[in-house]
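Open the model in your viewer and keep the selection panel at hand. The tour goes from the whole chain down to a single side chain.

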Amino acid sequence: MTSEDTPLTFPCDFPIKAMGRAGADIEATVRRLVAAHVCGELAEADVRVAESRNGRFLSVTVTVRAHSREQLDAIYRDLHAHDDVLMTL
């Protein structure tokens, strides 16, 4: 799939959510994996962390300035490939 095959208009702000076990330092993992695909540092305001009701899982939402569908696909591929990431949205 290419940038022409998406309803998104680039560049755009795009939220990426990844979930993992709370004890796995999932926030640092997601920050590192996403940061490898964006220009510059991730601002604190661009990252939100929420704990599950029972505290066993964390969701990390990173809003990135996406420049292409290929960039987003690469981020999701890296997140899916990491053992500590259980799910992405």
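Each stop below says what to select and what is there.

**Whole chain.** Start with everything selected. Bear in mind that this is a predicted model. Colour by secondary structure: two helices and four strands appear. Walk from the N terminus and the order reads β-α-β-β-α-β. The radius of gyration is 13 Å, against 12 Å from the globule rule for 89 residues, so the protein is as compact as a globular protein of that length. Now switch to C-alpha atoms and align the view to the principal axes. The box they fill is roughly 40 × 25 × 20 Å.

**Contacts.** Stay with the full chain and turn on contacts with a sequence separation of 6 or more. Of these, 73% join residues 24 or more positions apart.

**Surface and interior.** Next, show the surface. About 5,500 Å² is exposed, and carbon and sulfur atoms supply 51% of that area. Then colour by burial. Of the 89 residues, 36% count as buried, the cut-off being under 20% relative accessible area.

**The nonpolar patch.** Select Leu86, Met87 and Leu89. Together they make a nonpolar surface patch of about 300 Å².

**Leu86.** Narrow the selection to Leu86, one of the patch residues. Where does Leu86 lie? Look at the loop between α2 (69-81) and β4 (87-88). Why can Leu86 count towards a patch? Patch residues need over 30% relative accessible area; Leu86 has 45%, so Leu86 passes that cut-off while being only partly exposed.

Notes: Residues numbered from 1 in each chain as written. Predicted model: local features only at pLDDT ≥ 70, side-chain atom pairs only at ≥ 80, totals over all residues. Heavy atoms only, no water. Patch = residues over 30% accessible without salt bridge, like charges linked within 9 Å, V, L, I, M, F, W, Y side chains within 5 Å. Areas by Shrake-Rupley, 256 points an atom, 1.4 Å probe, with all protein chains shown as cover. Salt bridge = Lys/Arg side-chain N within 4 Å of Asp/Glu carboxyl O. Buried < 20%, exposed > 50% of the residue type's maximum accessible area, 1.4 Å probe, protein only. Rg over C-alpha atoms; globule rule 2.2 N^0.38 Å. Contact = heavy atoms within 4.5 Å.
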